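Visitor: I'm new to reading protein models. Could you walk me through the reasoning behind a few labels?

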Amino acid sequence: MKNKPLISLIFNFLNSISIATLGAFILSWPLLALFIVIQKTNILVNQPLGTIMHNYTQLLEYLICPFIKKLNMSNFPTSSSAAEHFFECKSLFELALIMFIIGLIIYFYLKRRKKLNYISLTKFEALFFMILPIIVLPFALMNFDSFFITFHHLLFNNSNWLFNPETDPIINVLSEGFFAACFAVAGIIYELYYASFILRK
C-alpha cells in the first residue's frame, strides 16, 4: 500500500462511507415500514402506518435537503432538544451528500480523461478496507445497545439524542431493531463497495 498514492485511499474511503450512509438513508424508509408492521409500533403512537410514513418522509426530506431549514412533522411534535439533534444529523447527512456528489464529479472527470487508475484500488487494498469494520462487528453483534450509545458519544457532544417518548413520540416507532437494520444495511453497502474491486478481472 505504500506505493499507492494516498489520494486514492482517501477518495475511496470517503466515497464508501458516503455511499453507505446515503444508501442506508434511502432504504430506511421501507425498513421502517417493515418494522412498524412486524413490531406493531403504530399502536404505541396511535397512528396508522400511512400517517407515520408521511411524517417520516417529512423527517427524511428535512435531513437531506439544504433548502428545508425547519423540521415540521405534521402529526408528531418535536421538542427543542430533539430538534437540535435532528439538526446535527442533518449536517452529517448533508455532508455525506456533498462527499457523494464530489466523488461522482471526480469519477466521471477521470473516466472521461481515461485516468480511473488514479482512484483504483488493488485487491489487497480493497480487502484491507473490507476487514476494518470487523474490528467493531463482534461488539455490535453482542450488544447493539452499547454500540449504539458509543456511536452517539463519538459523533455528538451532548445527550440530545436521548429522546423522551412523552415529548417526542416519533422515537416509539424508531425502534432499536430498526436502527440495527439501518446499520446492517450501511455495513453491507460498504462491504459491497470494496468487494467490487476484488471481483474485477
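Visitor: Why are H7 and H8 called roughly perpendicular to each other?

Guide: First, a heads-up: this is a predicted model, where local features need pLDDT of at least 70, side-chain atom pairs count only at pLDDT 80 or more, and totals for chains, interfaces and linings use all residues. Residues are numbered from 1 along each chain as its sequence is written, and side-chain values use heavy atoms, leaving out hydrogens and water. Now, the axes of H7 (residues 144-155) and H8 (residues 176-199) cross at roughly 70 degrees. Angles of 65 to 115 degrees count as roughly perpendicular (under 35 is roughly parallel, over 145 roughly antiparallel, the rest oblique), so H7 and H8 earn that label.

Visitor: What makes the contact between H7 and H8?

Guide: Contact means heavy atoms within 4.5 Å. On the H7 side you'll find Phe144, Asp145, Phe147, Phe148 and Phe151, and on the H8 side Glu176, Phe179, Ala180 and Phe183.

Visitor: How do you know that the span of H8 agrees with its number of residues?

Guide: The expected span is 1.5 Å times one less than the number of residues. H8 has 24 residues, so 34 Å is expected, and its end C-alpha atoms are indeed 34 Å apart.

Visitor: Why does Cys182 count as buried or exposed?

Guide: Buried means under 20% relative accessible area, exposed over 50%, and partly exposed in between (1.4 Å probe, protein chains only). Cys182 has 11% relative accessibility, so Cys182 is buried. Cys65, at 23%, therefore counts as partly exposed.

Visitor: How many disulfides does the structure hold?

Guide: Zero. A disulfide needs a pair of cysteine sulfur atoms within 2.5 Å. For Cys65, the nearest cysteine sulfur, that of Cys89, is 16 Å away.

Notes:
Axes are lines fitted to C-alpha atoms, for helices over the stretch in contact, and angles run from 0 to 180 degrees between N-to-C directions. Helices (H or I, at least four residues) and strands (E, at least two) are DSSP runs, numbered from the N terminus.
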